[in-house]
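New to this one? Have a look around first, then follow the questions below.

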Amino acid sequence: MVADTPQNKHILVVHGPNLNMLGQREPDHYGKRTLDDINGSLGEKAAKLGLQVSTFQSNHEGEIVEAIQRAVGRVQGLIINPAAYTHTSVAIRDAVLLLDVPTIEVHLSNIHKREPFRQQSFIADIATGQVSGLGASGYLFALEALAQRIA
Ligand code: CA2
């Protein structure tokens, strides 16, 4: 029998549009860390938790949908910051539904303290949980939460 250890567990992390520009502009909202930096921290944390992590960023809605589709049956958890698509994309919502794994929605800024249009999320009501406003640490908290949930 194969033991169901965390080493068998794979987490996909998806970053939406413009997050490739992190660290270059708008530090008051999104902090000073680059996306490579955040992905590096996720890799280190995953190794400590005994998880595998893959990261993906795209500025294109369809590419994000396809990345989530490719993960079907291959990952046991999803961390997603859909960025602006949070507030607009039924397509990404539907892809997350079909992936059907524990999902944490992450936002660097607190979307609930910002403009009304940012307070609407197409992911929140289908996610396991949401981390919003804790900066880059939010991704690490999300990874810990998934590790506990899928252990
Ligand atoms: O707070 C978040 O993480 C957001 O998902 C970020 C999105 C925004 O549309 C959401 O409402 C909240 C925007 C990401 C833009 O990223 C930038 C990075 C560097 C410079 C400028 C924008």
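**Where the ligand sits**

Q: Which pocket does the ligand take up?
A: Keep in mind that this is a predicted model. The space that the ligand fills is a pocket of the protein, and by rank it is the largest pocket.

Q: Which residues come nearest to the ligand?
A: The ligand has 17 residues around it. Sorted by type, that shell holds 3 charged, 5 polar and 9 nonpolar residues. The ones that come nearest are Asn-81, His-87, Leu-108, Ser-109 and Arg-118.

Q: What distance separates a polar side-chain atom of Ser-109 from an oxygen atom of the ligand?
A: Polar contacts count here if the N or O atoms are within 3.5 Å. His-87 has a polar side-chain atom 2.7 Å from a ligand oxygen, while Leu-108 uses a polar backbone atom, 2.8 Å from a ligand oxygen. For the side chain of Ser-109, the distance is 2.5 Å.

Q: How much of the ligand's exposed area does the protein bury?
A: Start with the ligand on its own: it exposes 510 Å². Of that area, the protein buries 93%.

Q: What radius of gyration does the protein have?
A: The protein has 5 helices and 5 strands, in the order β-α-α-β-α-β-α-β-β-α along the sequence. For 151 residues the globule rule gives 15 Å, and the protein comes close to that, so it is as compact as a globular protein of that length. Its radius of gyration is 15 Å.

Key
Residues numbered from 1 in each chain as written. Predicted model: local features only at pLDDT ≥ 70, side-chain atom pairs only at ≥ 80, totals over all residues. Heavy atoms only, no water. Near = heavy atom within 4 Å. Polar contact = N/O pair within 3.5 Å; in protein donor to acceptor, adjacent residues only side chain to side chain. Areas by Shrake-Rupley, 256 points an atom, 1.4 Å probe, with all protein chains shown as cover. 1 Å grid on protein atoms, 1.4 Å probe; cavity = no way out; pocket = protein on both sides within 12 Å on 5 of 7 lines; lining within 4 Å. Sits in = over half its atoms within 2 Å of the grid points. Nonpolar A, V, L, I, M, F, W, Y, C, P; charged D, E, K, R; others polar. Helix = DSSP H or I, 4+ residues; strand = E, 2+ residues; numbered from the N terminus. Rg over C-alpha atoms; globule rule 2.2 N^0.38 Å.
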